[in-house]
Amino acid sequence: MKFTLSWLKDHLDTTATVDEITEALTDLGLEVEGVEDPASRLAAFTLAKVKSAEQHPDADRLRVCMVDTDEGEKQIVCGAPNARAGITVVLAKPGDYVPGIDVTLSIGKIRGVESHGMMASERELELSDEHDGIIELPSGAVGERFVDWLAANDPDKVDPVIEIAITPNRPDALGVRGIARDLAARGLGTLKPTETVTVPGQFDSPIDITIEEDTRDGCHVFAGRLIRGVKNGPSPEWLQKRLRAIGLRPISALVDVTNFFTFDRNRPLHVFDADKVKGNLRVHRAKGGETLIGLDEKEYAFSAGQVVISDDEGIESIAGIMGGLATGCTEETTNVFLEAAVWDHIQIAQTGRALKINSDARYRNERGIDPGFNMKAVELATQMILDLCGGEPSNVVVAGEVPDVSRAYRLDPARVQSLVGMDIPEDAQRETLTALGFTLDGDMARVPSWRPDVTGEADLVEEVARVASLTKLQGRPMPRASVGVPAPVLSPMQKREQIARRTVAALGYNECVTYSFIDQAAAQLFDGGTDATRLENPISSEMSHMRPDLLPGLLQAAARNQARGLGDLALFEVGPAFHGGEPEEQHLQVAGLLVGRTGPKDVHGASRSVDVFDAKADAEAVLGAMGAPAKVQILRGAEGWWHPGRHGKICLGPKKVLGVFGELHPKVLRALDVKGPAVAFSLWPAEIPLPRKSGATRPALTIHDLQAVERDFAFVVDADVAALDLVNAAAGADKALIEDVRVFDEFIGGSLGEGRKSLAITVRLQPTETTLKDADIEAVSARIIEKVQKATGAELRG
Amino acid sequence: MDDLRDKYIQAIADASDEDAIEALRVQAVGKKGEISLKMRELGKMTPEERQVVGPALNALKDEINSALAAKKVALADAALEERLRTEWLDVTLPGRSRREGSIHPVSQVWEECTAIFADMGFAVAEGPQVETDWYNFDALNIPGHHPARAEMDTFYMARAEGDNRPPHVLRTHTSPVQIRSMEMAGAPLRIICPGRVYRADYDQTHTPMFHQVEGLAIDKDISMANLKWVLEEFFSAYFGTEVKTRFRASHFPFTEPSAEVDIQCSFEGGTVKVGEGDDWLEVLGSGMVHPKVLAAGNIDPAAWQGFAFGMGIDRIAMLKYGIPDLRPFFDSDLRWLRHYGFASLDVPTIRGGLSR
């Protein structure tokens, strides 16, 4: 919302400066977004008088002038044809910035003659495009500030334009008068009284208005009158200047009148060219499928139920949003029908949104105009049309009724103080409300008709608080909820998430935060991309579906980094994935991705390609940190984005999957443009059972003094036998004695033959009561061999 | 006997390796060595002679043994010296490389916020990111026709055929978590709700996803003055310097009165310095919870009141750590992650400071 200071002063009697006004507006909740104050550009310039003007000795077109200034007589070289003795000019001195030529002046020599400043043209001061000569003022004294002269003689030239942001609850501030009222309540002046006029009708309007029965909830009241014999044409200069100053294009007197009321009083109006209206006007709901060319010359098609205005031939106006081109006023209009109506604001918002029209009328009608002003607006606008265009008004025709919006709420001064935490005396509270147009009756505050936003006691508090100024609010300590050391606040899952994040980072991964939405193709690779997770209005096709998994986002991040020449990557993310489109269909995932080599090639030969066992080790470390049990099953058969033979599901039983590690499927890498090798892990923290016990106590530590013994065994098995099965079989041979079983070697093929491999294990025996004798060791070894053979069909390697 | 001594001490001193030492040992004090043989002769001597010669021979034997031992150590030392002289490495070569991970600024600042608010008794509440229309709007006093809905650039979820519920949305703010928490925990209540939020907006300073942290405190007598204090405490702790705030009246459907909050800063030299200077920077929206919102969360507005506020985590991260642009936050450029990221063990705490 833009307005000029002089426009504001139509409604507000004030001596406040622009700075005071803008500061107050922002503090009142009418946030100032910009101020264009021409005076600030012109502040340096003063008036001067040319005493003499002589021909420049070396230039035909230049004159050397002696100029009387506030700093004495100065010599100035000037090229303007009108530079001559006796005229009053605007002087820019050395050091002054001249906006129109973007130059800061200095003392110069022009063709050998010193010049101490310049006499400015209107264009040089950005006052107009006039550049035929320097400014000649009809009055003014030497040394007077040019801005002061303008303020007194040509105030439009220095009229500041203020732009404010209006929050949706304040339609009243979409008119200059509403803004003035707020400032007056703050004490920055007095609100000027408004005039009310009644223009008697001289005949009955030949156009009648009806509101269809089913449209009464969409249009509360529709008032209008015909004014015949008007002479349309450009509106007067003062009105054009005003509209231009706030960025509107003057069109014609009739249209400019409606725009004036829109911005002056938040009162959109419409004018029909009465000669183009066939028959009467009828407010009704569209059947659906009708079309209308709007004043913006675009065609709009209506859906059933949208409120429109028709004449006998069809739809002529999108009610309260935009008029139709066919019945719009032109320079030739001689009979005009003026409309002032109160529309249901919800209906306006819905229709406006559906038709995608952003007009000043829609903006105001959907936020709420003052219904109490409707009939007065008809009279005031009639008067203005008569003043500007002449003509003869009809009687006013009205359909529907002005809605009764009167209501009152209790003002509880103590509650205001308790909520705001400021001492605002009751008197001041009542004064504020009165200044804003409320009527106080005991402790009941009656709401003015222009404030649709005030719908309860809390709104009264807000009004009092903002006028009292929240800038003055002083902080007041809030006592702790409980005394003493604050209790921990994170839930077990929140702690788990944090531990997982820091553990993965400690393992050398860089945390990413990628978008929650990805493209459909990538989502489909990870069993997502269905309609359930589709966005209705994505910002681009790259962000069309909620991610089913974090890995596609990480893989795309990897591809971007590879494109930048960064090939060895360890990326991770902790965040939500979406297995459906309902609020509860979201789960926390921890995903890590390794691409390329373990590090740059190095002098120690330590760099190698990443492999599945890197991902496995990291997955296990993170699961361990999150409190997962050490004893897990490794199963196959995870989803299709994993390499079918090179992945494992980390499970507690076949249905409880804590995570998956593995190589990514080459097709997935190709589709997402990632150059492999690439291995990854996915973990689901919520799947890890919460510990049963509470309390921090650890079980007692048992240390055995007796010497432990290690024995190695090598077995030959079929190549598809899982090492873990072999290890578990060995460990089961004597659960009391065997402390640990480790695989330390794997050898495939070679002399063992096709489809065979050798696995070597170390078994650590820890006696607890007596030292192991050779016979004991032999016995347990035999049991180990037997168990392993039975479980895996292994042969002891000779 | 002195001759004998001199002979061996000299020989030991001249010995050049362990073998020579061993030969001398055998020759002098071995079983059949010269001194041993002499000791055997003691038996043939008179007791008087023996009393003189015996101790002398023993002393000689001891002296030669120590000389042998000392020489042995000296030779070993010399040999080690010699070996070490050849054992030279170019230690300017790089160490074995180790990957260094990092924590994203959003996570770090999230933890910083948590640490500060936890100290003031705020728990951490979370909620779904795909939200129902009711939780995201209606319950927050934003009815269907409210212009704020259109202004929020909401992302909508596609609706299945025949599903006549209002479409779900990607939450446009963390405020729905307020309602869910009130429903679940009732009053009194102190929570912060951090998390991802979504708006259909993408330009220099906006990304379609960003992060917010919401705060909510409900009790019998909480006022806007308490809110100002809590925020000033927060910002001072977060930025590590005293930060003043300025409240400006504004409007949000879910609070009344509402205020935009600016923090004190200076823009001198083209960079923002928080907690200095005379300028103000808008960082959050806040206010007293609207009675309708309390009622939507099943809390009696006649008995309870409280404040709520919401601010951008990414934004305060940018302010504190001097990160110029928002968009790279979500681009995962490794160079950015390394430059702006945090070490895994850099856990923000109140006792140790929130940042290094």
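This passage describes confidence, one helix, the cysteines and one loop proline in a predicted model.

The model is a prediction, with an ipTM of 0.89 and a pTM of 0.86. In chain B the mean pLDDT is 91, and 99% of the residues of that chain score at least 70. Among the elements of chain B, the highest mean pLDDT, 97, belongs to helix H12 (residues 334-340), whereas helix H7 (residues 147-151) of chain B has the lowest, 69. Where pLDDT is low, the predicted coordinates should not be read in detail.

In chain A, helix H10 comprises 16 residues, from 374 to 389. The distance from its first C-alpha to its last is 22 Å, close to the 22 Å expected at 1.5 Å a residue. Buried positions occur from one end of H10(A) to the other, including Asn374(A) and Cys389(A). The buried residues of H10(A) also include Ala377(A), Val378(A), Glu379(A), Leu380(A), Ala381(A) and Thr382(A), as well as Met384(A), Ile385(A) and Leu386(A). Against these buried residues pack three strands of chain A, S16 (219-228), S24 (335-343) and S25 (392-393), together with helices H6 (237-245) and H7 (253-265) of chain A. H10(A) is followed by Gly390(A), for which phi is positive, near 70°.

The cysteines were considered next. Over all chains, the structure holds zero disulfides. A disulfide is a covalent bond between the sulfur atoms of two cysteines. For Cys389(A), one of the buried residues of H10(A), the closest cysteine sulfur is that of Cys329(A); the separation is 9.3 Å, and the two sulfurs are therefore too far apart for a bond. The relative accessibility of Cys389(A) is 6%, so this residue counts as buried. For Cys219(A), the closest cysteine sulfur is likewise in Cys329(A), but at 19 Å this sulfur is too far away for a bond. Cys219(A) counts as buried because its relative accessibility is 1%.

A further site in chain A is Pro677(A), which lies in the loop between helix H18 (666-671) and strand S38 (678-683). With a relative accessible area of 33%, Pro677(A) is partly exposed. Leaving aside neighbours within four places in sequence, Pro677(A) is in contact with Leu594(A), Val595(A) and Gly596(A), and also with Ser609(A) and Val610(A). Of these contacts, Ser609(A) is 68 residues from Pro677(A) in sequence, while the C-alpha atoms of Ser609(A) and Pro677(A) are 7.0 Å apart in space.

Note on methods:
Residues are numbered from 1 along each chain as its sequence is written. Chains are lettered from A and ligands numbered from 1 in the order in which they are written. This is a predicted model: local features need pLDDT of at least 70, side-chain atom pairs count only at pLDDT 80 or more; totals for chains, interfaces and linings use all residues. Side-chain values use heavy atoms; hydrogens and water are left out. Helices (H or I, at least four residues) and strands (E, at least two) are DSSP runs, numbered from the N terminus. The expected span of a helix is 1.5 Å times one less than its number of residues. Buried means under 20% relative accessible area, exposed over 50%, partly exposed in between (1.4 Å probe, protein chains only). Contact means heavy atoms within 4.5 Å. pLDDT is the predictor's confidence in each residue, from 0 to 100. A disulfide is a pair of cysteine sulfur atoms within 2.5 Å.
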